[in-house]
Amino acid sequence: MEARDKQVLRSLRLELGAEVLVEGLVLQYLYQEGVLTESHVQEIKAQATGLRKTMLLLDILPSRGPKAFDAFLDSLQEFPWVREKLEKAREEAIVELPAVANFSLPRERLPNLL
């Protein structure tokens, strides 16, 4: 999963937990698409509350490959307003590159710009 998509899931984590019920189509679609394994599905279903189920799914998704975020979006057929919110956040997300502190090259490696 791209860093931008991980950032979106992290930034909307509490909202997703409150608005998405993963028990139904969401889990089954992600399993069908190979994003989740049977073990993941069972682990998520074993959680005591809907919030815990969603939080566990959000913990698992970032490590499930490059198509995980798009598959998650596709799984949200019952929650079109959530899908729209995620798509908008994805478009607006800017992943900040780590600052390079005190970076310098030896003079002989610098291009001759002068």
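**Entry 1: helix α7**

I began with helix α7, and I found that its buried residues pack against α1 (3-11), α2 (13-19) and α6. The model I am reading is a predicted one, and I keep that in mind for every value below.

I then looked up the helix itself: α7 covers residues 80-92, which makes 13 residues, and from its first C-alpha to its last it reaches 18 Å, close to the 18 Å expected at 1.5 Å a residue. Which residues of α7 are buried? I noted V82, L86, A89 and R90. Viewed down the axis of α7, these buried residues fall within an arc of 105°, so they line one face of the helix. An α-helix has 3.6 residues a turn, so residues three or four places apart point the same way. On the other side of α7 I wrote down E84, K88, E91 and E92, which are exposed.

**Entry 2: the whole chain**

Next I stepped back to the protein as a whole, which has 7 helices and 0 strands, so that, read from the N terminus on, I list its elements as α-α-α-α-α-α-α. Of its 114 residues, 33% count as buried. I also looked up the accessible surface, which comes to about 7,700 Å², with 53% of it belonging to carbon and sulfur atoms. For contacts between residues at least 6 apart in sequence, I noted that 65% join residues at least 24 apart.

**Entry 3: helix α6**

I turned to α6, one of the helices that the buried residues of α7 pack against. How many of the 8 residues of α6 are buried? The count is 6, so this helix is largely enclosed by the rest of the structure. The buried residues are A68, F69, A71, F72, L73 and S75, and what covers them includes α1, α3 (25-32), α5 (50-60) and α7.

I looked more carefully at S75, which has its place in helix α6 (residues 68-75). S75 has a relative accessibility of 2%, and because buried means under 20%, I count S75 as buried. Leaving aside the neighbours within four places in sequence, I found S75 in contact with V26, Y29 and L30.

**Entry 4: an aromatic pair**

I searched for paired aromatic rings, and the count came to 1 aromatic pair. The rings belong to F79 and W81; their centres are 5.7 Å apart and their planes stand at 75°, so I recorded the pair as edge-to-face. F79 is buried, with a relative accessible area of 8%, whereas W81, at 44% relative accessibility, counts as partly exposed.

**Entry 5: salt bridges**

Side chains of opposite charge can pair when their charged atoms come close. I found that the structure holds 10 salt bridges, and I followed a few of them.

In one of these, the side chains of D5 and R90 meet at 2.8 Å, N to O. Where do these two residues lie? D5 is in helix α1 and R90 in helix α7, so the pair ties together parts that are 85 residues apart in sequence. Both ends turned out to be buried, D5 at 2% relative accessibility and R90 at 16%. I noted, too, that D5 and R90 belong to a network of salt bridges in which E2, R4 and D70 are also linked.

In another, K53 forms a salt bridge with E23, and the closest N and O atoms are 2.6 Å apart. This pair links distant parts of the chain, since K53 is in helix α5 and E23 in the loop between α2 and α3, 30 residues apart. I looked up the burial of each partner: K53 is buried, with a relative accessible area of 14%, while E23 counts as partly exposed at 35% relative accessibility.

The last salt bridge I followed is that of D74 and R83, whose side chains meet at 3.4 Å, N to O. Are its partners buried, partly exposed or exposed? D74 is partly exposed, with a relative accessible area of 30%, and R83 also counts as partly exposed, at 27% relative accessibility.

Technical notes: Residues are numbered from 1 along each chain as its sequence is written. This is a predicted model: local features need pLDDT of at least 70, side-chain atom pairs count only at pLDDT 80 or more; totals for chains, interfaces and linings use all residues. Side-chain values use heavy atoms; hydrogens and water are left out. Helices (H or I, at least four residues) and strands (E, at least two) are DSSP runs, numbered from the N terminus. Buried means under 20% relative accessible area, exposed over 50%, partly exposed in between (1.4 Å probe, protein chains only). Contact means heavy atoms within 4.5 Å. Accessible areas come from the Shrake-Rupley method with a 1.4 Å probe; for residues, only the protein chains shown count as cover. The expected span of a helix is 1.5 Å times one less than its number of residues. The arc is that of the directions from the helix axis to the C-beta atoms. Rings of Phe, Tyr and Trp (its six-membered ring) pair if their centres lie within 6.5 Å; planes under 30 degrees apart count as stacked, over 60 as edge-to-face and the rest as tilted. A salt bridge is a side-chain nitrogen of Lys or Arg within 4 Å of a carboxyl oxygen of Asp or Glu.
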